[in-house]
Every structure is written in structure tokens, then in C-alpha cells.
Amino acid sequence: MNMKKIFVFLMVLVLSSSTCFADELRIERESQYQKKSMKIGYRILNANQMDKRMTFHYSTNKNVNAVTYLSSKQIEVYKGILPFLDSDDEIAAILSHEISHGIDAHKGLWRRFSMSYASKSYEFKSDKRGVDLMGNAGYNPVAMIVVLNKISGEPNWFEKTSSHPNGSERLAALYEYIYTKYPAYLIDNEYKNNLYYQNFLLTSKDARK
């Protein structure tokens, strides 16, 4: 075997090894995401004595989203949302919101139709019930405000193409709900110096009145 063939052989060997190693790292990382989603998700289900089955899947979809499939009650956490989540509390906020959708989806075909037809009202409902679910599981519900301030948009009410309500409206409603039902979290607030929570306070001053 001449030197040129030896060099080509070695390059193929190195590249193959690098690809295999990269694949192993990716699989290991995505396995950790899957396990984390399940661990937090089932903790929420069990803490709330949920007697209806739901499952939690990690998806490599790069959209900034998590979804509940209403027919299968399967909750998917998309890869694209993970960079926005800085703690287990914030993951719990996303999963609790989706679990709330799953609770309604378990109530039958008519309820699933209603959820599709009046999606905005069910988003408000799932934000608030999500606060209850995550709080019962020992997570800080203020994380729901932090997460939504990072990811929720500002569509106008007349924009029929949007399935979600205006982000500012959701955040103000969440704050009022926590202020009324769980004021201790706001008094002794571990998020008070959080960059995203401070931004919420700055941009929601009038709405919170």
C-alpha cells in the first residue's frame, strides 16, 4: 500500500471514529433530556394524584414549543425550547401547562373539539391550572411567569391565525392568580433578581395594576 492510500485510509478511519463519537454524544445528551422530561413530568402527575395516563417524549424538533397531542395524551418537549429553560422549575412550568391540556383532553371528544375551537381561553386556563400542578409538586410557580416572558409572543386579539393569546395578557393574568392564591411566593421571591422576572415587572407595570 503506497503512502497516498495509507493517508486516505487513515483519514477515513479518523472521520468514521469522529462521527461515531459525535453520534454517541448526541444520543447521550438527548437521552438526558428524555429522562429529565419524564422525571419531572411523572413527579407532577404523582404529586397531583393524577389517575389518567400521559406520557412524555423529547423531540428533536427545533421549534420553540412543547405540545400535547389531544388524541394520545402524549406530551412532547421540543429541542428548540430547551435553551430557554434554566432550571427544573422552568421545565416543570412547561410540562404543567401541557399536563393541564392533557387533563382536558381526557374528558372526551367534545372537550377536545372545544379546545381546538376556543384555544385561547384554554391557554389561560392551562397557565393557571399549571401553577397549581407545579406548586403541588414542590416547584416554584413564579417560574411560569419567567418562562412565558421568554417565549410568549404579542399577537393582537384580532389575529385569528394565532392559537395563543397576547403574551402580556397571559403574564398579567398569571401574576394576579399567583398574587391572589399563592402570595407567599411573591413575598419571599427567589426570582426577584432574575433578569427575566425583572423585565416582566418593568414591562407589566400598568397591566399588573
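Analyst: Helices here are DSSP runs of H or I with at least four residues, strands are E runs of at least two, and both are numbered from the N terminus. By that rule the protein chain has nine helices and three strands. Along the sequence they follow the pattern α-β-β-β-α-α-α-α-α-α-α-α. This is a predicted model: local features need pLDDT of at least 70, side-chain atom pairs count only at pLDDT 80 or more, and totals for chains, interfaces and linings use all residues. Residues are numbered from 1 along each chain as its sequence is written, and side-chain values use heavy atoms, with hydrogens and water left out.

User: What makes Ser37 buried?

Analyst: Buried means under 20% relative accessible area, exposed means over 50%, and partly exposed lies in between (1.4 Å probe, protein chains only). Ser37 has a relative accessible area of 4%, so it is buried. Its place is in helix 1. Setting aside residues up to four places away in sequence, Ser37 touches Phe56, Val77 and Leu95. Contact means heavy atoms within 4.5 Å.

User: Which residues does Leu95 touch, not counting residues up to four places away in sequence?

Analyst: Leu95 touches Ser37, Ile40, Gly41, Ile44, Phe56, Ile75 and Val77 on that count. Leu95 is also among the residues that touch the most other members of the largest nonpolar core. The others named there are Ile44, Ile99, Ile145 and Tyr197.

User: What makes up the largest nonpolar core?

Analyst: A nonpolar core is a set of buried Ala, Val, Leu, Ile, Met, Phe, Trp, Tyr and Cys residues joined through side-chain atoms within 4.5 Å. The largest one has 41 residues. Helix 1 (3-47), strand 1 (55-59), strand 3 (74-78), helix 2, helix 4, helix 5, helix 6 (167-181) and helix 8 (195-203) each supply at least two of them. Nonpolar side chains tend to be buried together in soluble globular proteins. In this protein chain, buried residues make up 44% of the 209 residues.

User: Why is Gly102 counted as buried?

Analyst: Its relative accessibility is 0%, so Gly102 counts as buried. Gly102 lies in helix 2. Leaving aside neighbours within four places in sequence, Gly102 is in contact with Met54, Thr68 and Lys73. The C-alpha atoms of Gly102 and Tyr69, 33 residues apart along the chain, are separated by 7.9 Å.

User: Lys73 and Gln49 each have a positive phi. Why does Lys73 count as buried or exposed? And why Gln49?

Analyst: Lys73 has 11% relative accessibility, so it counts as buried. Gln49 has 67%, so it counts as exposed. Lys73 sits in the loop between strand 2 and strand 3, and Gln49 in the loop between helix 1 and strand 1. Phi is about 60 degrees at Lys73 and about 50 degrees at Gln49. Lys73 is not a glycine, and neither is Gln49.

User: Why is Ile151 called partly exposed?

Analyst: A relative accessible area of 29% makes Ile151 partly exposed. Ile151 is found in helix 5. Its contacts, leaving aside neighbours within four places in sequence, are Val64, Ile81, Phe84 and Ile94. The C-alpha atoms of Ile151 and Asn65 are separated by 8.6 Å, with their positions 86 residues apart along the chain.

User: And why does Gly138 count as exposed?

Analyst: Gly138 reaches 53% relative accessibility, so it counts as exposed. The loop between helix 4 and helix 5 holds Gly138. The C-alpha atoms of Gly138 and Asp89, 49 residues apart along the chain, are separated by 8.9 Å.

User: What lines the largest pocket?

Analyst: On a 1 Å grid over the protein atoms alone, a pocket is an open set of points where a 1.4 Å probe fits, with protein on both sides within 12 Å along at least five of seven lines; lining residues have an atom within 4 Å of a point. For the largest pocket, 30 residues form the lining, and Asn65, His97, Glu98, Glu123 and His164 lie nearest its centre. Helix 2 gives the largest share, five residues. By class, the lining has 15 nonpolar, eleven polar and four charged residues. Here Ala, Val, Leu, Ile, Met, Phe, Trp, Tyr, Cys and Pro count as nonpolar, Asp, Glu, Lys and Arg as charged, and the others, Gly among them, as polar.

User: How much space lies in the largest pocket?

Analyst: About 630 Å³. That volume is the space filled by probe spheres set on the grid points, which are joined across faces, edges and corners.
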